[in-house]
Amino acid sequence: VQLQAYGGGLVQAGGSLRLSCVASGGTFSSTGMGWFRQAPGKEREFVAVRWSDGGTYYADSVKGRFTVSRDNAKNTMYLEMNSLKPEDTAVYYCAAYRSGSRYYTNSYNYWGQGTLVTVSS
């Protein structure tokens with residue numbers, strides 16, 4: 001099972017980016033899928049999750065600006081990021097949920113390699 005995240009890049013504050021996470025080697029339509037991020041010198045933190053029933057949860061820091069969606073037919077999850085801020089600069093990871101709290105990294109058992117998002121001021 002592999003997850004591959006891509007779509008990161010350099011954007012000015014206030015701009016937008018869309019990240020994608022493609023799953024291969026397995027079917028994740030019945031699994032929750034999440035996004036995390038890790039800024040330099042900081043721990044990896046929860047960003048958003050989308051459950052198989054369509055329910056979503058967001059970190060307070062991104063609520064109202066980020067939207068997570070999925071296309072199960074393509075085994076792909078997206079993170080639409082709007083009104084980006086310099087503090088959103090981080091490596092973004094996608095992950096497949098296993099069990100436990102949605103906020104914790106050890107609740108996810110498959111991880112993508114990460115894609116870097118840099119927001120300039």
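This section describes the overall form of the chain, one of its sheets, and selected residues within and beside that sheet.

In the predicted model, the chain contains 0 helices and 11 strands, so that, read from the N terminus, the order of elements is β-β-β-β-β-β-β-β-β-β-β. The radius of gyration is 13 Å, which agrees with the value near 14 Å that a compact globule of 121 residues would have. The C-alpha trace spans about 40 × 25 × 25 Å along its principal axes. Of the 121 residues, 42% count as buried, and the surface that the chain exposes amounts to about 6,200 Å², of which 44% is supplied by carbon and sulfur atoms. Contacts that link distant parts of the sequence are well represented: when contacts between residues at least 6 apart in sequence are considered, 55% of them join residues at least 24 apart.

An open sheet is formed by 4 strands, arranged in the order 1-3-8-7 with antiparallel pairing. Strand 1 and strand 7, the latter covering residues 66-71, are the edge strands, each of them pairing on one side only. From one strand to the next, the twist averages 15°. Strand 1, which comprises residues 2-6, runs antiparallel to strand 3, which comprises residues 17-24, and the two are joined by 5 bridges. Strand 3 is in turn joined by 6 bridges to strand 8, residues 76-81, again in an antiparallel arrangement.

Individual bridge partners allow the register of these strands to be followed across the sheet. Ala 5 has Cys 21 of strand 3 as its bridge partner, while Tyr 6 is partnered in strand 3 by Ser 20. Ser 20 also has a bridge partner in strand 8, namely Tyr 78. A path can thus be traced from Tyr 6 to Ser 20 and onward from Ser 20 to Tyr 78.

Strand 8 also holds Glu 80, a residue whose surroundings illustrate how separate stretches of the sequence meet in this sheet. Glu 80 and Arg 18 lie 62 residues apart in sequence, yet their C-alpha atoms are 4.5 Å apart in space. When neighbours within four places in sequence are left aside, the residues in contact with Glu 80 are Leu 17, Arg 18, Arg 65, Phe 66 and Thr 67. Among these contacts, Leu 17 and Arg 18 fall within the range of strand 3, residues 17-24, whereas Phe 66 and Thr 67 fall within that of strand 7, residues 66-71. The relative accessible area of Glu 80 is 30%, and this residue is therefore classed as partly exposed, since that class lies between the limits of 20% and 50%.

Two residues in loops that adjoin strand 8 have backbone angles that merit separate mention. Most residues other than glycine have a negative phi. Asn 75, although not a glycine, has a positive phi of about 50°, and this residue is located in the loop between strand 7 and strand 8. Ser 83 likewise is not a glycine and has a positive phi of about 50°; its position is in the loop that connects strand 8 with strand 9, residues 90-97. With a relative accessibility of 41%, Ser 83 counts as partly exposed.

How values were computed
Residues are numbered from 1 along each chain as its sequence is written. This is a predicted model: local features need pLDDT of at least 70, side-chain atom pairs count only at pLDDT 80 or more; totals for chains, interfaces and linings use all residues. Side-chain values use heavy atoms; hydrogens and water are left out. Two strands pair if DSSP finds at least two bridges between them. Buried means under 20% relative accessible area, exposed over 50%, partly exposed in between (1.4 Å probe, protein chains only). Contact means heavy atoms within 4.5 Å. Axes are lines fitted to C-alpha atoms, for helices over the stretch in contact, and angles run from 0 to 180 degrees between N-to-C directions. The radius of gyration is taken over C-alpha atoms; the globule rule is 2.2 Å times the number of residues to the power 0.38. Accessible areas come from the Shrake-Rupley method with a 1.4 Å probe; for residues, only the protein chains shown count as cover.
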